[in-house]
Amino acid sequence: MKDIYRLLKEHYGYDSFRPGQENIINAIIKGQDCLAVMPTGAGKSLCYQIPALFLPGTALVISPLVSLMHDQVMKLKEKGIPGAYINSTLTPRQTELALKRASEGRYKIVYAAPERLSSPDFLSFALKAELSLIAVDEAHCISQWGQDFRPDYLRIGEFISKLPKRPAAAAFTATATDKVREDIINYLSLRSPFEAATGFDRPNLYFALKSPADRIAAVCDCISRRSGESGIVYCNRRAEADRLAGILKSENIPAASYHAGLPDDERRRVQDGFIRGDIKVITATSAFGMGIDKPDVRFVIHFGMPRCLEDYYQQAGRAGRDNAAAYCLLLYDPADYYIHKTLISHMHEDDELTDSERRMKVEAAQLRLDQMNYYASSKTTCLRRRLVGYFGETTPYQCGNCSVCTGKDDPISSIRSGLDDTDRELCEKLRSYIRSAARLAGVPVYSVAGDEEMQRIAAEKPSDTESLRKIRGLSEMTIRRFGDGILSIVNEHVKIQNV
Ligand code: ADP
Ligand code: MG
């Protein structure tokens with residue numbers, strides 16, 4: 001007997017399914033239609049490939065990613081799964097050959113681009129073939145409410161309705177709001193589909209919202225509590241990213257900016273430096289992150305609000321890929337909403353769209369922005385619940401790991417354990433000295449020393465400049481300008497304690 005676990009082991013070498021996969025696979029095998037919403041990387045391909053292996057006949061996979069089809073089919077071959085693809089990159093001769101073999105039932109999986117569905121040759125194959133299932137990948141492309149609408153996708157429903165024996169149809173996407181889900185179900189005419197939204201929750205990420213008067217100070221504070229750790233600060237504008245990188249560097253934080261306005265070699269240098277760990281903090285526009293696989297990003301700060309939750313979640317989700325605790329902070333200024341709103345109202349003005357097409361796109365973008373703003377102004381609803389809920393997945397009412405649930409906008413508290421009462425007293429003294437010294441010098445407090453550093457000083461009580469240098473996170477600048485003052489406070493404190 002064929003067993004989905006055996007197929008998983010035999011063809012993929014895996015022992016267990018990821019969240020959601022098994023239910024979706026079982027539904028398809030039973031012949032039920034499906035709508036599966038799972039984030040990128042969650043493993044959607046396997047959800048149609050295993051049923052394709054299990055069921056007799058050929059599975060048809062419709063995908064807009066023409067340039068990836070060759071790769072996908074090669075990967076199938078490596079797994080011992082016979083497959084082919086039909087798209088515009090094939091010559092007429094190659095297409096003919098692929099369709100001939102497909103008609104002979106030689107493939108378990110055939111990938112096709114949506115525009116192929118109305119070609120007579122393809123249709124004549126599909127009408128005669130024994131199709132085990134139809135998988136529609138990147139199904140959000142069918143909806144004008146989604147971000148990358150493809151008119152070709154609207155042909156899929158009609159194509160399916162022409163099939164003499166309609167197999168189960170399964171739609172897959174990483175992003176689906178209620179409207180997009182509705183469109184997918186309606187345009188594909190899915191019949192009481194099994195709906196699964198899963199894998200969005202990232203329990204190791206702490207989500208926080210904050211509306212500080214001084215956003216730069218908030219960024220510096222956050223980073224000073226995490227000295228030595230890698231993080232990304234997303235900005236809405238290139239100039240912001242550049243300026244922020246300058247400020248961080250002036251505070252001895254190894255930072256660099258990254259955006260599309262920089263030359264290729266500079267971008268590569270910054271990216272490599274970040275991956276290696278020489279550059280700790282990247283201040284970037286949304287241009288940064290695609291295809292960058294750095295597992296130990298410990299924090300992602302949004303200096304401004306992005307235009308939609310899809311962007312926000314994708315960017316914030318670059319934190320904590322290693323599953324260790326990581327921190328995602330969104331600095332919210334209501335002004336961002338109006339800036340985006342204005343930009344959206346001028347969207348696609350130069351594109352060749354009809355008025356109603358443009359209006360539709362503008363309205364869809366506006367709705368996405370409203371949802372983003374709704375999240376960013378959340379005061380009482382668990383942030384994780386709201387975020388993950390947007391993608392269709394439900395979580396408990398309180399996650400206990402976001403700023404709404406805990407009431408703390410940073411889980412790393414300013415006073416960490418390890419300080420006894422007298423240390424804490426010393427820490428207070430240092431804090432008040434640094435506050436006034438910074439004021440006198442005309443520099444911000446955080447640029448002299450963050451809470452973390454002050455706690456380390458209080459705990460370790462350095463007696464001379466050499467031992468002060470060993471305090472992690474303390475800049476040479478601070479040591480040069482304020483080192484003597486700090487040391488005299490520590491020495492004074494130690495003397496009093498010893499008396
Ligand atoms: P998606 O289409 O959802 O973005 P993919 O189908 O491309 O994701 O899968 C992403 C990666 O996850 C692939 O390398 C795949 O082999 C791997 N993967 C999928 N399912 C499992 C599993 N059950 N166990 C381990 N790895 C898996
Ligand atoms: Mg995929």
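Biologist: What makes the Tyr14 side chain a polar contact of ligand 1?

Modeller: An N or O atom in the side chain of Tyr14 is 2.7 Å from an oxygen atom of ligand 1. A polar contact is a pair of N or O atoms within 3.5 Å, so this pair counts. Bear in mind that this is a predicted model, where local features need pLDDT of at least 70 and side-chain atom pairs count only at pLDDT 80 or more, while totals for chains, interfaces and linings use all residues. Side-chain values use heavy atoms, with hydrogens and water left out.

Biologist: How do you know that Lys44 and Ser45 belong on that list too?

Modeller: Ligand 1 has an oxygen atom 2.8 Å from a polar side-chain atom of Lys44, and for Ser45 the distance is 2.5 Å. The protein buries 70% of the 570 Å² that ligand 1 exposes when taken alone (Shrake-Rupley method, 1.4 Å probe).

Biologist: Which helix gives the largest share of the shell around ligand 1?

Modeller: Helix H3 (residues 44–54), with three residues. Helices here are DSSP runs of H or I, at least four residues, and strands are E runs of at least two, numbered from the N terminus.

Biologist: Over to Ser132 in strand E5 (residues 131–136). Why is Ser132 called buried?

Modeller: Its relative accessible area is 9%. Buried means under 20%, exposed over 50% and partly exposed in between (1.4 Å probe, protein chains only), so Ser132 counts as buried.

Biologist: What does the side chain of Ser132 reach?

Modeller: One of its polar atoms lies 3.2 Å from the backbone nitrogen of Ala59. Leaving aside neighbours within four places in sequence, Ser132 has contacts (heavy atoms within 4.5 Å) including Ala52, Leu55 and Pro167.

How values were computed
Residues are numbered from 1 along each chain as its sequence is written. Chains are lettered from A and ligands numbered from 1 in the order in which they are written. A polar contact is a pair of N or O atoms within 3.5 Å; within protein, one must be able to donate a hydrogen and the other to accept it, and residues adjacent in sequence count only if both atoms are side-chain atoms.
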